[in-house]
Amino acid sequence: MNDTFISNYIKNIEISGIRKFFNEVANYQEAISLTLGQPDFPVPQKIKEELIKAIEENKTGYTSNMGLIELREEISAYLSDLNINYNPEEICLTVGGSEGLFNVFISLLNPNDKVLIPRIAYPAYESLTKLTGAIPIFYHLNEDFSLRVEEIERLVEKENPKILVLSFPSNPTGAILTKEEREKLFHIIKNNDIVVISDEIYSSLCFEEKYYSICQCKEIKDKVILISGFSKMFSMTGLRVGYVCSIERYMKHIVKVHQYNTSCAPSIVQWALARGFRSSLKDTLHMKEEFKRRRNYVYKRLRELGFEVNLPQGAFYIFPSIKKYNLSSEEFAFKLLKEGGVAVVPGSAFGAGGEGFVRISYAYSMEELQEALDRIEKFIKARFLG
Ligand code: PMP
């Protein structure tokens with residue numbers, strides 16, 4: 001039977017290229033995989049203990065749609081330390097940042113609305129846009145993956161988009177938002193009829209001293225929606241809790257989608273987070289320091305091998321150029337997998353702008369990273385320098 005019964009919007013989107021490649025790696029038993037975006041640390045001990053306690057206390061029923069007030073209070077306090085102000089009523093807990101993104105895109109977009117998306121970005125933004133029948137418009141980045149604010153300004157005027165997607169620290173580039181960029185963006189947003197969806201799921205993994213976010217600009221709070229979560233912050237990708245923050249004008253609609261989508265985020269995880277949040281922040285700091293050490297190592301090795309590569313300032317990905325090897329990013333990744341025994345994600349999985357790059361995740365142990373880089377070195381020397 002053909003797919004006449006499938007929605008045209010759904011036919012228009014594809015399974016994420018990251019997952020596709022991850023599944024392919026399973027066929028190569030000996031390969032080292034640097035493909036996944038999940039920290040290799042255990043969940044903080046206190047959160048583990050509270051998870052068990054929550055089960056023993058039978059805290060296994062639905063929570064309110066918005067989620068436990070105790071946890072929303074913790075999030076509100078945590079965000080205010082980053083100079084981002086949302087009260088608990090403006091925070092909705094979701095099943096990961098993924099559900100948060102879904103709810104927000106579905107709540108805001110009509111068919112043919114336009115959405116500005118970075119030309120190299122996490123694939124969900126483009127797919128969710130298409131899912132609603134809206135139109136993605138891509139904005140270029142500079143060579144170092146920083147924002148071309150002038151281009152955003154030009155596109156806002158020319159295309160009249162409804163939404164601007166910002167995503168810092170970035171998956172896959174590791175770029176962060178600077179103070180200067182934040183100021184320029186602030187003026188564009190203030191002066192135009194546009195809403196920002198700011199995906200800050202990696203905010204706890206920013207390697208710079210100070211964290212800058214468009215959500216810090218109080219004057220445009222009515223034009224910004226924040227998406228975040230705990231998958232990366234507390235190394236709990238499988239436990240599925242994230243959150244959306246926005247003023248009531250949007251939230252009262254977002255929560256309807258959330259209600260019909262999932263009712264509430266998992267109850268025991270909410271309880272464990274509420275009780276373990278504060279004391280687990282030191283675990284996040286430890287992870288950040290370790291990721292920084294690994295970033296420095298991987299960056300140095302790639303530079304020594306002659307890769308053109310930017311130093312990431314956040315998250316746990318590095319995005320070297322492979323343009324000089326005259327292969328598409330898929331061809332390069334397949335050859336590296338088959339001949340070199342290392343799996344990385346082709347840049348094309350992150351949109352057309354990602355062609356010519358590969359994404360390496362350094363959320364793996366130092367031993368694995370060392371071995372993987374030794375293998376990459378051998379592969380490059382044998383194939384391109386031999
Ligand atoms: N946004 C970005 C940029 C991500 O990289 C991810 C996960 N890889 C998510 C959102 C969603 O994460 P989760 O659903 O696990 O919270």
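## Ligand site, pockets and cavities

A side-chain N or O atom of lysine 232 lies 2.9 Å from a nitrogen atom of the ligand, and the protein covers 92% of the 400 Å² of accessible area that the ligand has on its own. The model discussed here is predicted, and every distance, area and volume in this report is to be read in that light.

Two other side chains make contacts of this kind with the ligand. A polar side-chain atom of serine 98 is found 2.5 Å from an oxygen atom of the ligand, while a polar side-chain atom of aspartate 199 is placed 2.6 Å from a ligand nitrogen atom. The table sets the three contacts side by side.

| Residue | Ligand atom | Distance |
|---|---|---|
| Serine 98 | oxygen | 2.5 Å |
| Aspartate 199 | nitrogen | 2.6 Å |
| Lysine 232 | nitrogen | 2.9 Å |

Around the ligand stand Gly96, Gly97, Ser98, Tyr122, Tyr125, Asn171, Asp199, Ile201, Tyr202, Ser231, Lys232 and Arg240. By class, this shell holds 4 nonpolar, 5 polar and 3 charged residues, and its largest share, 3 residues, is supplied by helix H5, which spans residues 96-108.

Which space does the ligand take? The ligand takes the space of the largest pocket, whose volume is about 830 Å³. That pocket is lined by 32 residues, and Ile18, Arg19, Ser98, Tyr122 and Lys232 are the closest to its centre. The elements that give two or more residues to this lining are helix H2 (17-25), H5 and helix H6 (124-131), with H5 giving the largest share, 4 residues. The lining of the largest pocket divides into 13 nonpolar, 13 polar and 6 charged residues. Serine 98 and lysine 232 thus appear both among the residues closest to the pocket centre and in the shell around the ligand.

The search for enclosed space gives a separate picture. Rolling a probe the size of a water molecule over the atoms shows where empty space is left. Over the whole structure, 3 cavities of 30 Å³ or more are found. The largest cavity contains about 90 Å³ of space and is lined by 15 residues, of which Pro118, Ile120, Ser167, Phe168 and Ser170 lie nearest its centre. Strand S5 (residues 163-167) contributes the largest share of this lining, 3 residues, and the lining as a whole has 11 nonpolar, 4 polar and no charged residues.

The second largest cavity has a volume of about 40 Å³, and the residues that line it are Leu302, Phe307, Pro320, Phe332, Leu336, Val344, Val358, Ile360 and Ile376. Helix H11 (329-340) and strand S12 (358-361) are the elements that give two or more residues to this lining, which consists of 9 nonpolar residues, with no polar and no charged ones.

Some backbone features deserve a note alongside these spaces. Phe168, one of the residues nearest the centre of the largest cavity, precedes a cis peptide bond to proline 169, with omega near -15 degrees. Asn171, which belongs to the shell around the ligand, is joined to proline 172 by a peptide bond that is also cis, with omega near 20 degrees. Proline 169 is placed in the loop between S5 and helix H8 (179-190), and proline 172 likewise lies in the loop between S5 and H8. Elsewhere, phenylalanine 145 has a positive phi of about 70 degrees although it is not a glycine, and this residue is located in the loop between strand S4 (135-139) and helix H7 (149-159).

Methods. Residues are numbered from 1 along each chain as its sequence is written. This is a predicted model: local features need pLDDT of at least 70, side-chain atom pairs count only at pLDDT 80 or more; totals for chains, interfaces and linings use all residues. Side-chain values use heavy atoms; hydrogens and water are left out. On a 1 Å grid over the protein atoms alone, a cavity is a set of points where a 1.4 Å probe fits but cannot get out, and a pocket is an open set with protein on both sides within 12 Å along at least five of seven lines; lining residues have an atom within 4 Å of a point. Grid points are joined across faces, edges and corners, and a volume is the space filled by probe spheres set on the points. Ala, Val, Leu, Ile, Met, Phe, Trp, Tyr, Cys and Pro count as nonpolar, Asp, Glu, Lys and Arg as charged, and the others, Gly among them, as polar. A residue is near a molecule or strand if one of its heavy atoms lies within 4 Å of it. A polar contact is a pair of N or O atoms within 3.5 Å; within protein, one must be able to donate a hydrogen and the other to accept it, and residues adjacent in sequence count only if both atoms are side-chain atoms. Accessible areas come from the Shrake-Rupley method with a 1.4 Å probe; for residues, only the protein chains shown count as cover. A molecule sits in a cavity or pocket if more than half of its atoms lie within 2 Å of its grid points.
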